[in-house]
Every structure is written in structure tokens, then in C-alpha cells.
Amino acid sequence: LYVTGSMGTWKKKPVPRLDLRATLQRHAHAAIDITDGLALDLSRLLEASGLAAEISADPPLDAGATAAAAWHEGESYELLFASSRRLAFPVIGRVVAGTPGQILRDGRAITPAGWDPFPARAC
């Protein structure tokens, strides 16, 4: 699992990562933009793929950002992708068989929190 850049602070003027289109078309097995929070978007990607993930590192952080902000707050406007190739991007973990959508770090589950435009509502 790779991320394309640093995160953890709101980007006032996001820049789409169109420069990575050819690389990702050739090498990515799955990809998602990180606008709702890394943990939430990773969980969505894993759930859609029927897989889980083991996290080995925090993503690179923007100046003044915290790891908690990078994992659980949105608006980073970077990409998260899975590839079996060694690429020149920051590695945060790997995809594994397991409960679809589950994210593990040091054997513990990470709660996929972030911004949800359609939260579950009590009826």
C-alpha cells in the first residue's frame, strides 16, 4: 500500500495528481483518493476488494500535522493505491487476506474514522 504524498492538513487549493495517471494505470491494482481520511478511504478500498490490510508505517505528514490527523481527517487530496511492484512512493503497509475492510497495526484494529457524507441515521 502506497500513498502519493504528505497529509494531515486541509489543502485550501487541492491539486489533482494527474501527473501520476500513467504510472498508476501501469502499476496499481486498486486506488482511491484520500479526501475523507486515510483510514476511512483505506477501509472502503479494502471492503470493495474483499481484503484487509496490515499497516507498517504512518504516511508522510504535512508540516505541523499529527499522525491522527493524517489517518482520520480528510481533505489531504493525495492518492492511496495498492501495487505488487516496488515503486518510489511512501509505503504504509500491505494488503492481506482477512476480514474485508479491516485495518490492523501491531495486531490491533484501526477504526476507520473520517468524514462520511452519508452517515447512518436513526429512523
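The following exchange asks how the terms applied to this predicted model are justified by its computed values.

User: What should be known about the model and its numbering beforehand?
Analyst: This is a predicted model, in which local features need pLDDT of at least 70 and side-chain atom pairs count only at pLDDT 80 or more, while totals for chains, interfaces and linings use all residues. Residues are numbered from 1 along each chain as its sequence is written, and side-chain values use heavy atoms, with hydrogens and water left out.

User: What makes the pair of Y2 and F89 edge-to-face?
Analyst: Rings of Phe, Tyr and Trp (its six-membered ring) pair if their centres lie within 6.5 Å, and planes under 30 degrees apart count as stacked, over 60 as edge-to-face and the rest as tilted. For Y2 and F89 the values are 6.5 Å centre to centre and 75° between the planes, and the pair is edge-to-face. This pair links distant parts of the chain, with Y2 in strand β1 (residues 2-3) and F89 in the loop between β4 (78-82) and β5 (93-96), 87 residues apart.

User: Why is the pair of F81 and F89 called edge-to-face?
Analyst: The ring centres of F81 and F89 are 5.3 Å apart and their planes stand at 90°, so this pair is edge-to-face. Ring pairs thus link Y2, F81 and F89 into a cluster, and a search of the whole structure finds three aromatic pairs.

User: Which class of exposure do F81 and F89 fall into?
Analyst: Both F81 and F89 are buried, a term that stands for under 20% relative accessible area (exposed is over 50%, partly exposed in between, with a 1.4 Å probe and protein chains only). Y2 is buried too, and of the 123 residues of the protein, 37% count as buried.

User: How do you know that β6 and β7 pair, and in which sense do they run?
Analyst: Two strands pair if DSSP finds at least two bridges between them, and two bridges join strand β6 (residues 103-105) to β7, the two running antiparallel. Within β7, A109 stands opposite L104.

User: What makes β5 and β7 the edge strands?
Analyst: The open sheet of four strands has the order β5-β3-β6-β7, with mixed pairing, and β5 and β7 (108-109) each pair on one side only. Strand β3 (residues 52-55) pairs with β5 in the antiparallel sense over four bridges, with A52 opposite V96, whereas β3 and β6 pair in the parallel sense over three bridges, where the partner of A53 is I103.

User: How many helices and strands does the protein have, and how are they defined?
Analyst: There are three helices and seven strands, where helices (H or I, at least four residues) and strands (E, at least two) are DSSP runs, numbered from the N terminus. Along the sequence they follow the pattern β-α-β-α-β-α-β-β-β-β.

User: Why is the protein called as compact as a globular protein of its length?
Analyst: The radius of gyration is taken over C-alpha atoms, and the globule rule is 2.2 Å times the number of residues to the power 0.38. The protein has a radius of gyration of 14 Å, close to the 14 Å that the rule gives for 123 residues, so it is as compact as a globular protein of that length. Along the principal axes, the C-alpha atoms fill a box of roughly 45 × 35 × 25 Å.
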